[in-house]
Amino acid sequence: MNWKAMSSERIAVQCRIQIERSNLNPWKPLSILHERGGRHEFEIGKKYLESGERLNRICGAQILSQLQRRRSERRSLPAETVALLLPAIDEAADDEELEVLLRALSWLGIPAGFRKLMIYSRHPNPAIRHVVAWGLPGENRDEAEVLAELSQDTEIDVCDWALFNLSCCTTDYPELHETLWKLTQSKLPVMRGQALLSLARRHVAGTENALIAELSRSDGEMEFNYISEAVELLASPAFLPILHSLTDRNFPKGTFAHQYIRRMLHCCLKPGKISKRT
C-alpha cells in the first residue's frame with residue numbers, strides 16, 4: 001500500500017482493520033499518522049478513543065500516543081491527550097486494553113500521566129507492571145521508589161526495565177543505594193551491570209571496588225556495555241591494573257569485549273576524555 005498517498009482518515013481505518021486482526025501495534029500506518037501529527041490526526045484519534053468500543057479505543061490510543069506535533073501544538077496536544085486517556089484507562093475492558101492505554105500515556109511525558117502509571121505498579125498482570133517499569137523516567141523520588149520496587153519484581157523483563165530507567169536518572173536517596181547494592185549480587189550479569197552503573201552515576205562510595213570485583217570475575221560473565229559506561233563515568237586510575245590484565249585474556253581483537261576494554265583503558269588513562277563510542 002502507498003500509505004503516504006492516503007488520507008489520514010483512510011490510514012486510521014487500516015489501523016483499525018489490522019488491530020481487529022490481532023495486530024495491536026500496526027506500526028507502519030501508525031508511523032505515517034504520527035509523522036503527520038497535527039490537530040487533524042489528533043481529532044481522528046480522539047474520535048476513535050471516545051467511541052466506546054474496545055478495539056476503537058485501542059486504535060485511538062495508538063494514534064494519539066506519539067503524534068509528532070507541529071511547533072504551535074507541542075504544548076497543547078500532550079496535555080489534551082492525557083486528559084482523554086486518564087478516564088479511558090479507568091474504563092478499560094481488560095488488561096490488554098489497559099496495557100495499550102498505559103503505554104500510550106507513558107509516551108506523552110506529562111507528570112499527571114506518570115502519576116497514573118504508578119498506581120498500577122503492583123498490578124497482578126506482569127505485562128501491566130512491565131509498562132510501568134518501561135514508562136517511568138524516575139525523575140523524582142516517588143517515581144524512583146516505584147522503579148526500585150519493580151527492580152526486584154518476580155518477572156525479569158520488569159526488573160530489567162526498572163533498573164535500566166534507574167541507571168538513566170540521577171534521583172538519589174539512601175534507601176535506593178541499599179536496593180542497588182543488593183542487585184549487584186544478582187546471578188544475572190545484566191542486573192549486576194545496571195545496578196553498578198546506577199551506583200556509579202550517583203557516585204556512591206564503594207562503587208569503584210565493586211566494579212573492580214566485577215571486572216575480576218573468574219567466569220568472565222559480565223555485561224560489558226553497562227560496566228564500561230560505569231568505569232568511564234568514574235575514570236579512575238585504580239581500574240588500570242585489572243583492565244591491563246583483561247587485555248591478556250582471551251578477548252580477541254574485533255570482539256565487543258575487546259573494544260569495551262580498550263575504551264575503558266583510554267578513559268582511565270586520560271580522565272575527563274570520554275572515548276568515542278563504537
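Guide: Phe224 is buried, and so is Tyr260. This is a predicted model, so let us read that pair with care.

Visitor: How is a pair of aromatic rings described?

Guide: By the distance of the centres and the angle of the planes. Start with the count: the structure holds three aromatic pairs. One of them joins Trp161 and Phe164. Their centres are 5.5 Å apart, with 85° between the planes. That pair is edge-to-face.

Visitor: Where do Trp161 and Phe164 lie?

Guide: In helix 10, residues 156-168. They are three residues apart, so about one helical turn separates them.

Visitor: Is Trp161 buried or exposed?

Guide: Trp161 is partly exposed, with a relative accessible area of 29%. Phe164 is also given 29%, and counts as partly exposed.

Visitor: What kind of pair do Phe224 and Tyr260 form?

Guide: A stacked one, because the planes of the rings are at 5°. The ring centres lie 6.3 Å apart. Phe224 belongs to helix 14 (residues 224-234), and Tyr260 to helix 16 (residues 256-269). The pair therefore ties together parts that are 36 residues apart in sequence.

Visitor: Which charged residues sit over rings?

Guide: Take Arg103: its charged end sits over the ring of Trp134, 4.7 Å from the centre. Then take Arg141, which lies over the face of Tyr173. Here the distance to the ring centre is 4.2 Å.

Visitor: Now the cysteines. How many disulfides does the structure hold?

Guide: Zero. To count, two cysteine sulfur atoms must lie within 2.5 Å. For Cys159, the closest cysteine sulfur is in Cys168, 16 Å away, so the two are too far apart for a bond. Cys267 is in no disulfide either. There the nearest cysteine sulfur, that of Cys268, is 6.6 Å away.

Visitor: Are these two, Cys159 and Cys267, buried or exposed?

Guide: Cys159 counts as buried, at 6% relative accessibility. Cys267 is buried as well, with a relative accessible area of 1%.

Visitor: What confidence does the model carry?

Guide: The protein averages a pLDDT of 91. At least 70 is the score for 93% of the residues. Confidence is highest in helix 8 (residues 126-135), at 98. It is lowest in helix 2 (residues 27-36), at a mean of 89.

Visitor: Where does pLDDT stay under 50?

Guide: Over residues 274-278. For that stretch the model has twelve contacts beyond four places in sequence.

Definitions and conventions
Residues are numbered from 1 along each chain as its sequence is written. This is a predicted model: local features need pLDDT of at least 70, side-chain atom pairs count only at pLDDT 80 or more; totals for chains, interfaces and linings use all residues. Side-chain values use heavy atoms; hydrogens and water are left out. Buried means under 20% relative accessible area, exposed over 50%, partly exposed in between (1.4 Å probe, protein chains only). Rings of Phe, Tyr and Trp (its six-membered ring) pair if their centres lie within 6.5 Å; planes under 30 degrees apart count as stacked, over 60 as edge-to-face and the rest as tilted. Helices (H or I, at least four residues) and strands (E, at least two) are DSSP runs, numbered from the N terminus. A charge sits over a ring if NZ of Lys or CZ of Arg is within 6 Å of the ring centre and within 35 degrees of the ring normal. pLDDT is the predictor's confidence in each residue, from 0 to 100. Contact means heavy atoms within 4.5 Å.
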